[in-house]
Amino acid sequence: MSPRRPGGRWASLAQTTLPVITLALATTTLYGALFYAPREKVMGDVQRIFYFHAPAGLVCFLAFFVTFVASIGYLATRRPGWDIAGRASTEAGLLLTTIVLVTGPLWARPVWGTYWTWEARLTTTLVLWLIYMGYLLVRRYTEDPDQQARFAAVVGIIGFIDVPIVYMSVHWWRGHHPQVLAVSGGGGLDPTMRQVFLMGIFTYLALYASLMALRIPLGRAEAELRWLRLKLGERPARRAASGLRASG
Amino acid sequence: MTVRSPAALDLATPGTGSAVERRRRLSGPVREARKALLVWQKDVRVEWRSLDSLPAMFFFALLVLVIFNFGFDLSSARFSDFGPGVLWVAFAFSGVLAFGNSFALERDADCIQGLRLAPVDPGSLYLGKLLANCTSMLIVEAAVLPLCAVMFDYDLAASIGPMSVVLLVHTVGFGAVGTLFGGMTARTRRGDVLLPILLFSISVPFMLSAVRLTGAALAGEPISEAPAAAWLVMAGVFDLVFIAAAYLTFEYILEE
Amino acid sequence: MEQHFPYLFWAYNLIWALITAYLLSLGVRQRRIRKEIDRLKESLRVEEKE
């Protein structure tokens, strides 16, 4: 059975509108982060990185959850759509995780004087990055596409089960995540800060959706390529057989 | 002479009926557990006869200890400070050897096909392999620890009780994930490299716990009290969760 | 804002750089696969004619 044609009306609509929405939200968040949000008391203006750093961490968690669900879906149904979604979500999640790992040190340097500390959240993020890199590596090193999908699904499931355990153990190992930010000492987030933080979350959600909208058709195209290769693989045998009949 | 017909046999009463009928009455899980034990026995027997991986594991662990000694100046520090980390690095790497070998030995004569065709649940096969791997690891650990006591001049007898508990719990956990990924990477390219990458990243919580608790045991801290007890509970939960997850997903690894 | 500007600047721009790099890689992959698919479809058509 031929794989469905990649794209379609909704897909191409998503591919154009979602990035635009992302850009609009990103600009709003940038404005909010730099001008609307107040200056943090203790850390100063560098704290503004928080609005690009922390939401990425939350949405990457969502991405890996989607991978978890897609992995179970694939193992249960064996429909390639689940596998494609799982892979796309992992790549998007890894991109977001990389963003967290890059912005974290840039925030840490002026505040704590060093680029990297084995601080609980950063360490957890690093471990997550390694686990899901493993997901992609398993795919890269497995030849058979069906095996590839199955093995990746197992890693996707085991990896996500590990996430809360890693989080818990690293936090215990390190003591707790540093103080909650505030403009006036103690307390929680200032309401304006909370608004910008929420804006940041929406931006990253839109980014995640855009990445999925762009990656999934590529996955479908890869599947179509595999199918075409299989089909062409059959042809020569048939030609050879008919050739024999003609001459014999 | 009265002949008892099969129908008249009271199957509800234990001890009646032939051995065949009695075996049939055994519930599924017990039968599967028996099969797991059979797989365990097979692997142990194979290892005992060939001594293929145990010596390598032992010497590798020893080598890691020696290299650490040259890499850092361990003679001046207290063993309970650096010991846990060094020990678990050694055990982790020798464990990788065990997990890799556990499925590599099935590649010979395509034994893996035989296992697939045998009436064994993939889950039971996994449990058998898990038991075998844990056995290998525990043997190596039991051999390395006394040597460590000699090399680093430490009194191990004092902490042997808590140490054993910690070793057991964490070997099982490491083995749970290692056996699953060992089976997977036996069938991929560069599996020997993939296995440590997958295993060590997933096992981070386990490593943290192992080092923390081994340190506590060596320092004479009672592990039945907080905070060590919390780690022990987490490790136990980690073990159960991952054994369950691996048990359920192993069939997808085994598939053709 | 002046003292911390470099960090904010780099953080923001690196994020966009990472996203752009990923999207570019997607584009390259897409083009390569499209080309391959068209090539294979062509040879399939040629064989069907025979």
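Helices, at least four residues long, and strands, at least two, are runs assigned by DSSP and numbered from the N terminus. The exercises below apply this to a predicted model.

**Exercise 1. Describe which elements make up chain B and chain A, and in what order they come.**

Solution. Begin with chain B, where a count of the elements gives 10 helices and zero strands. Reading from the N terminus on, one therefore writes the pattern as α-α-α-α-α-α-α-α-α-α. Turn next to chain A, which has six helices and zero strands, and whose pattern along the sequence is α-α-α-α-α-α. As a further step, consider burial: of the 248 residues of chain A, 42% count as buried, while in chain B buried residues make up 41% of the 256 residues. Finally, look at contacts with a separation of 6 or more, of which residues 24 or more positions apart account for 78% in chain A and for 81% in chain B.

**Exercise 2. Decide where the model of chain B should be read with caution, using pLDDT.**

Solution. Start from the whole chain, for which the mean pLDDT is 84, with 88% of the residues of chain B reaching 70 or more. Then look for a weak stretch: over residues 4–12 of chain B, pLDDT stays under 50, and the model has seven contacts beyond four places in sequence for this stretch. Where pLDDT is low, the predicted coordinates should not be read in detail. For chain C, the mean pLDDT is 88, and 96% of its residues reach 70 or more. For the complex, the predictor gives an ipTM of 0.87 and a pTM of 0.85.

**Exercise 3. Determine whether A:Ala33 is buried or exposed, and find what it touches.**

Solution. First place the residue: A:Ala33 lies in helix α1 of chain A, which covers residues 9–36. Next count its neighbours and compare them with the cut-off of 20 or more other C-beta atoms within 10 Å; because A:Ala33 has 23 C-beta neighbours inside 10 Å, it counts as buried. Then set aside residues up to four places away in sequence, and the contacts of A:Ala33 are A:Arg48, A:Tyr51, A:Phe52 and A:Val196. As a last step, compare sequence with space: A:Ala33 and A:Met199 are 166 residues apart in sequence, yet their C-alpha atoms are 9.4 Å apart.

**Exercise 4. Check the length of α10(B), then locate its bend and its buried residues.**

Solution. The expected span is 1.5 Å times one less than the number of residues. The 27 residues of α10(B) should therefore span 39 Å, and the end C-alpha atoms are 38 Å apart, which agrees. The helix α10(B) nevertheless bends by about 40° at B:Leu248. Now list buried residues, which include B:Trp231, B:Leu232, B:Ala235, B:Phe238, B:Asp239 and B:Phe242. An α-helix has 3.6 residues a turn, so residues three or four places apart point the same way. What covers the buried residues of α10(B) includes α5 of chain A, together with α6, α7 and α9 of chain B. One residue of α7 of chain B is B:Ala176, and B:Ala176 is buried because 27 other C-beta atoms lie within 10 Å. Leaving aside neighbours within four places in sequence, B:Ala176 is in contact with B:Leu130, B:Asp239, B:Phe242, B:Ile243 and B:Ala246.

**Exercise 5. Describe how chain B and chain C each meet chain A.**

Solution. Take chain B first: 22 residues of chain B are in contact with 25 residues of chain A. The elements giving two or more residues to this side of chain B are α8, α9 and α10 of chain B, and α10(B) gives the most, with seven residues. By class, this side of chain B has 14 nonpolar, four polar and four charged residues. For chain C, the contact takes 24 residues from chain C and 26 residues from chain A, and the residues on the side of chain C divide into 16 nonpolar, three polar and five charged.

**Exercise 6. Identify which residues have the most contacts inside the largest nonpolar core.**

Solution. The largest nonpolar core has 132 residues, and those with the most contacts inside it are A:Ile49, A:Leu96, B:Val177 and B:Leu213. Its largest share, 14 residues, comes from helix α2 of chain A. To follow one of these residues further, set aside residues up to four places away in sequence: B:Leu213 then touches B:Val166, B:Ile223, B:Ala228, B:Trp231 and B:Leu232.

Methods. Residues numbered from 1 in each chain as written. Chains lettered and ligands numbered in written order. Predicted model: local features only at pLDDT ≥ 70, side-chain atom pairs only at ≥ 80, totals over all residues. Contact = placed C-beta atoms within 7 Å. Nonpolar A, V, L, I, M, F, W, Y, C, P; charged D, E, K, R; others polar. Buried ≥ 20, exposed ≤ 12 C-beta atoms within 10 Å, placed from the backbone. Bend = angle between axes of the 7 residues up to and from the residue. pLDDT = per-residue confidence, 0-100. Core = buried A, V, L, I, M, F, W, Y, C linked by C-beta atoms within 7 Å.
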